Amino acid sequence: MAGFVAVHTGAGNCIDETKYQRVIKEACMRATEILRNGGSAIDACEAAIMRLENCGHTNAGFGSNLCLDGSVQCDAAIMNGTTLNFGACTNVSRVKNPIQLARRICDGQSDQQPLERIPPMVLAASGAEQYAEQVGCAMVDPNVLISSKAKFHYNHYKSKYDLVVGDSKAIETVEAVPEAGNEVELTAALDTVGAVCVDGAGNTAAGCSSGGILLKVPGRVGQAATYGAGCWATDTDELAIATCTTGNGEYLMKTLLAREICNGAFSSDCAVTSLHKTFKQKFLDSPLLPQQQDLYAGALTLLYYPKQSCGEVMWSHTTQSFCVGYMATTQKVPKFVHSPLPTYSVPGRSCVVNGHNFHLRI
C-alpha cells in the first residue's frame, strides 16, 4: 500500500533542531508503517500526532505549556478530506492524547443519533473528558502531562509576569530542573504540532494538537480546536489537499488560515504562488489583524493529484524557523528539514515558501 505523510513541530525560533529531529522522524516512520499495512490517511495522521504529543519536547499533550494558573489545557483537531468530517476538543486536562479524542469525535460525525440529534463536532473541558472515557480514550491525571520543561518555563515567565503586573504575593514555584540531556532553551519554545497525510486511495487527512500559548487565560480556545483555522482537508477528483497551521492562535482563527490555504490552492496552477499569495493577502496584509504587530504563522500543506499519482508537500512560515519532516511509503528513511527565514526577511513581516515533490507507486 502507498502513501505519504508530513509532520511539523511548530513555527518559531528553533535554536537546536536536533531535539525535534528524532521525534519528527519517529512520527513519520510510525505513520508510513500504518499506511504500508493498509491503514487510512486519518489513521496515519492520528498516529503521527500521538507520537509528537508523547515526546515531551513539543507543546502538545505531555509537555504542553501551562496556563496562568499552572494547569494544563490541551486542544486538538482532525479532519477527513474524503468525508469532510471534522472533530475537535478543547480545554482537556485528563486525556493522554487529545488527538485521539478529536479522532473519535470526527468519526462520530457519521453516526446516526436517536431523535434526529446532531453528533457533536467540538467538545470542551469536563464534557469532552466524559466523552473521552465513554469512547475508550486513554485517561491520565492532569499532573502526568506536566513535564519538567513546562514547569521550568512556567516558573521563569510567571515570575516575570508577576513583576509586570505588580503581584506582591510570593510566587509558588515547583522545583523543576530540566531533565538530563533536555536543557531548556527559553527562546526556542515552539507551538502547535501537526500532520498531513494521503493514502494510496487518494484520501487525505490533516490534524493538529497544542497546549496553547504559555500563561494563557484558563479556558482559552486556540486555533488547534477551531474549525477552519487549525487544519483543513478536502478531496476532489482533480486535487486532494490537506493543511495544518501553527503560530499566533488568535490571528489564525480570525483569518481562518487553514481553510484559506486550501481554497487558494483550488484556484491556482502553482502551489508556491498560491501559498505565498494566501499568506500575504489573507494573513500578513489582512485587515482583520493589527498591522502594527509582528504576525507569526506557519503551515504544512500537502497537495495530491489523483490522476497523476503525484503531489507536493509545502511548508510556509513567517517565523524565524520551522521544523518539518516527510516520508513516502517508498522511502526507507524520513527526510527532516529545518527551514529558516531568509536573512533578508523580517520575522513576522515576511513569508518563505518551500517544498518537495513526491510520487505514489500504487
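Here's a quick briefing on the strands, helices, cavities and a few individual residues of this structure. Keep in mind that this is a predicted model. Two open sheets come up below: one is built from eight strands with mixed pairing, and the other from five strands with antiparallel pairing. There are also three cavities of 30 Å³ or more.

**The eight-stranded sheet**

- Reading across this open sheet, the strand order is β4-β3-β2-β6-β5-β1-β11-β12, and the pairing is mixed.
- The edge positions go to β4 and to β12 (335-340); each has a single partner strand, so one side of each has no neighbour in the sheet.
- On average, neighbouring strands here are turned by 10° against each other, ignoring direction.
- At the β4 end, strand β3 (residues 86-92) runs parallel to β4, and three bridges join them.
- One place to look for that pairing is cysteine 89, whose bridge partner in β4 is leucine 123.

**Strand β1, inside that sheet**

- How many of the ten residues of strand β1 (residues 3-12) are buried? Ten of the ten are, so the strand is largely enclosed by the rest of the structure.
- The cut-off behind that reasoning is simple: buried means under 20% relative accessible area.
- On one side, β1 runs antiparallel to strand β5 (residues 193-199), with six bridges joining the two.
- Within that pair, alanine 6 has valine 196 of β5 as its bridge partner.
- β1 also pairs with strand β11 (residues 321-328), again in the antiparallel sense, over seven bridges.
- For that pairing, find histidine 8, which stands opposite valine 324 in β11.

**Helices on the eight-stranded sheet**

- Helix α2 (residues 41-54) lies across β1, β2 (74-80), β5 and β6 (204-210). Its direction is at about 155° to β5.
- Strand β1 is also touched by helix α1, as the next bullets on the sheet show.
- Helix α1 (residues 18-36) packs on the sheet and touches β1, β5, β11 and β12. The direction of α1 makes about 30° with that of β11.

**The five-stranded sheet**

- This open sheet follows the order β7-β8-β9-β10-β13, with antiparallel pairing.
- Its edges are β7 (231-235) and β13 (352-359); each has a single partner strand, so one side of each is left without a neighbour in the sheet.
- Neighbouring strands of this sheet are turned by 10° against each other on average, with direction ignored.
- Five bridges connect β7 with strand β8 (residues 240-247) in the antiparallel sense.
- Along that pair, alanine 233 sits opposite alanine 242 in β8.
- Helix α7 (residues 257-266) packs on this sheet, touching β7, β8 and β9 (297-305), and its direction makes about 145° with that of β8.
- Helix α8 (residues 271-284) packs on the sheet too, touching β9, β10 (310-317) and β13, and its direction makes about 30° with that of β10.

**Cavities**

- The structure has three cavities of 30 Å³ or more.
- The second largest cavity holds about 50 Å³ of space.
- Which residues lie closest to the centre of that second largest cavity? Of the 13 that line it, they are Ser210, Gly212, Arg220, Gly222 and Gln223.
- Sorted by class, its lining has two nonpolar, eight polar and three charged residues.

**Residues with positive phi**

- As background, most residues other than glycine have a negative phi.
- Glutamate 116 has a positive phi, near 60°. It is found in the loop between α3 (98-108) and β4 (122-124).
- Is glutamate 116 buried or exposed? Its relative accessibility is 77%, so it counts as exposed.
- Alanine 125 also has a positive phi, near 50°. Its place is in helix α4 (residues 125-134).
- With a relative accessible area of 31%, alanine 125 is partly exposed.

**Threonine 82**

- Threonine 82 is in the loop between β2 and β3, and at 43% relative accessibility it counts as partly exposed.
- Leaving aside neighbours within four places in sequence, threonine 82 is in contact with Asn203, Thr204 and Asp235.
- Alanine 102 is 20 residues away from threonine 82 along the chain, and their C-alpha atoms are separated by 17 Å.

Note on methods
Residues are numbered from 1 along each chain as its sequence is written. This is a predicted model: local features need pLDDT of at least 70, side-chain atom pairs count only at pLDDT 80 or more; totals for chains, interfaces and linings use all residues. Side-chain values use heavy atoms; hydrogens and water are left out. Buried means under 20% relative accessible area, exposed over 50%, partly exposed in between (1.4 Å probe, protein chains only). Helices (H or I, at least four residues) and strands (E, at least two) are DSSP runs, numbered from the N terminus. Two strands pair if DSSP finds at least two bridges between them. Axes are lines fitted to C-alpha atoms, for helices over the stretch in contact, and angles run from 0 to 180 degrees between N-to-C directions. Contact means heavy atoms within 4.5 Å. On a 1 Å grid over the protein atoms alone, a cavity is a set of points where a 1.4 Å probe fits but cannot get out, and a pocket is an open set with protein on both sides within 12 Å along at least five of seven lines; lining residues have an atom within 4 Å of a point. Grid points are joined across faces, edges and corners, and a volume is the space filled by probe spheres set on the points. Ala, Val, Leu, Ile, Met, Phe, Trp, Tyr, Cys and Pro count as nonpolar, Asp, Glu, Lys and Arg as charged, and the others, Gly among them, as polar.
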